[in-house]
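Subject: Handover of a structure and findings

Dear colleague,

Please find below the structure that I am passing on to you. My findings follow directly after it.

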Amino acid sequence: MLTLTGCSDQRRAANPSLATSGRAAGRGTFNPAPNAASADWTSQARDYANSRYSGLNQINTTNVSRLRTAWTFSDGAQYGHEGAPLVVGGTMYIVSPFPNRAYALDLARPGAPIKWEFDPNPAPMAIGKACCDAVLRGWAIGDGKLIYNLLDAHTVAVDLKSGKEVWRTTMADVSKGVTMTMSAFVVGDKVYVGNSGGEMGVSGWIAALDIHTGKQLWRAYSTGSDEDALIGPRFKPLYPQYRGKDLGLRTWPAGAAPKGTGAVWGFISYDPDLNLIYYGTSNPGPRVPSQRPGDNLWTSSVFARDADTGEAVWAYQFTPHDQWDYDGVNEMMLLDLPIAGKMRKTIVHFDRNTYAYVLDRKSGEVLKADNFAPQNWSTGFDWKTMRPRINPEKEAKVGGKVEHICPPDIGQKDWEPPSFSPRTGLIYVGIFNICMDLTDHKVSYIAGTPYDGMEMTRHSVDGEDGDWGALLAWDPVAGKAAWRIPEKFMVMSGTIVTAGDVVFYGTTDGWFKALDARSGKLLWQQKLSSGVIGQPITYLGPDGRQYVAVASGVGGAAMVQKGRPGFPARGSTLYVFSLDGEGVSAAPGTAPSSMAGSK
């Protein structure tokens, strides 16, 4: 078992519980902007780099076993709870899955009573258009507003103080199969949003909105002409297969690109030095590959775009002519890593196709491509063509069953985000250990209905009774695992890691766990009322205590396991933990109000 030791060089903010850095010398670091010294948790990933690292160390390896429940909150929604609560200035902001109700909770009062509640009343039609549960993967804060997407393809902004709607922007027509499940992402005066619908034949896009008014500033499509994709003179792809005019049309059969998907439903990251945003695109459509010969650009890819104008700067396709539904939407972690003896500004991306990529984020150069879990769809990475070599025995066949393709359609890692510790140099990522039997059938396009054609049966790599998942500590420089914790179910929870050298994550069957970040030793666990598929956070409360919070409420892609023994019931409870369960106390002789403020 490999363990990495860190140095003790730490810069601390005014509160001694907050260590804003402390990286392991030579093992990598990241830019913690925009909230390096904040004791709050102000965005889904906490920073632009998607690190999900907290400098708080009040809770650490020596005392985490004392964690107890401080308080709970239920939003009552019975769909998958995939987002992370946000904490700003003594208030916690949460948004439920459909019907997408928002709540502000007062952390300065006992039990964190409701300050306000906002009900956006999205169209119920959206539930039937969502491929994989009526979920929401996060929300954002900026310009005094809580900003998030509604399942019915609107983006809404709510005043943080009053809970009143400030603006609402229609982004698409939900009746055509377009939904929105991704977390909005804020940089300066812009809000970035994208669409879902990779199984509905939608045209995938990302858009930037004015944070003050909600007005659309630009929109870039994943398929179609260069004009549609905002590809122009600044587009300088490193590899020759990405050079040429209108490849978003020419790598498709005639007329196929407008319904070729490439939806944008994952997380976005941002490099303030380069002023570039990075994001991935989903599978091509239909998922039946014989109906769309060609590389199908720009699906299952990553784009680097100018954050102001949306102009494409470079792109790279993870899975050309994707035959297995290997969306490229998983997060792009922006880490500075020593590669071949030189510190590089990189993207680390764990793709559904089971390659852990390290790319140069200035140019898109592939620096590393290592397998992080079992796969057999590919026989390896071809460093001449810069693409995986396809195993012909695992190619999809219309009308024929192909058995034991690894990974399955949801990958050996889905959208669930990992975390990085500059103290250990390791990335902590929930993964799967599954394969599929696949049968394809031809489909016809009808707007607003599934444009799919795949039928899958998933199973463990190791047989009927094998584990379906694991928590992995990954060394991105060495390109291998430092340690691995097997789990009975797919690990669909995001992770966080702290300056106290503690990793937090949850399991599909409802355990919330704390591990030693260096060794993987289990230090604490608590059984919750439902499965954990969301993203934990940690923050310093108004009382000076460090808290850890996570939502329980199984759903989303985790439901592919619902027939397995031990699969939990649906749920809707947020749990908040502290040392010994201590929290804000009511004055003697008083009882906390259940609600303050108004809807």
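By class, twelve nonpolar, nine polar and three charged residues make up the lining of the second largest pocket. Please note that the model is a predicted one. The volume of this second largest pocket comes to about 300 Å³. Its lining consists of 24 residues, and those nearest the centre are T42, S43, Y48, F185 and V186. Two strands, β7 (140-142) and β11 (185-187), each contribute at least two residues to the lining of the second largest pocket. Of the elements involved, β7 gives the most, with three residues.

I turn next to the largest pocket. The space within the largest pocket amounts to about 570 Å³. It is lined by 34 residues, among which C131, C132, E199, D325 and R352 lie nearest the centre. The class make-up of this lining is 14 nonpolar, seven polar and 13 charged residues. Strand β29, which covers residues 454-460, gives the most to the lining of the largest pocket, supplying three residues.

The remaining findings concern strand β30 and its partners. How many of the residues of strand β30 are buried? Seven of the seven residues in β30 (residues 469-475) are buried, so this strand is largely enclosed by the rest of the structure. A residue is counted as buried when its relative accessible area is under 20%. Both faces of β30 are covered. On one side the buried residues are G469, L471, A473 and D475, and on the other side they are A470, L472 and W474.

β30 pairs with strand β27 (residues 426-432), to which it is joined by six bridges, and the two strands run antiparallel. Within this pairing, F432 stands opposite G469 of β30. β30 also pairs with strand β31 (residues 480-487), again in the antiparallel sense, over seven bridges. In that case, A473 stands opposite W483 of β31.

The connection between β30 and β31 also deserves mention. These two strands form a hairpin, with four residues between them. In the turn of this hairpin, G479 has a positive phi of about 70 degrees.

When you view the model, you may wish to begin with C131, C132, E199, D325 and R352, which lie nearest the centre of the largest pocket. From there you could proceed to β30, whose two faces are both covered, and then to the hairpin that β30 forms with β31.

Yours sincerely

Terms used:
Residues numbered from 1 in each chain as written. Predicted model: local features only at pLDDT ≥ 70, side-chain atom pairs only at ≥ 80, totals over all residues. Heavy atoms only, no water. 1 Å grid on protein atoms, 1.4 Å probe; cavity = no way out; pocket = protein on both sides within 12 Å on 5 of 7 lines; lining within 4 Å. Points joined across faces, edges and corners; volume = space filled by probe spheres on them. Nonpolar A, V, L, I, M, F, W, Y, C, P; charged D, E, K, R; others polar. Buried < 20%, exposed > 50% of the residue type's maximum accessible area, 1.4 Å probe, protein only. Pairing = 2+ DSSP bridges.
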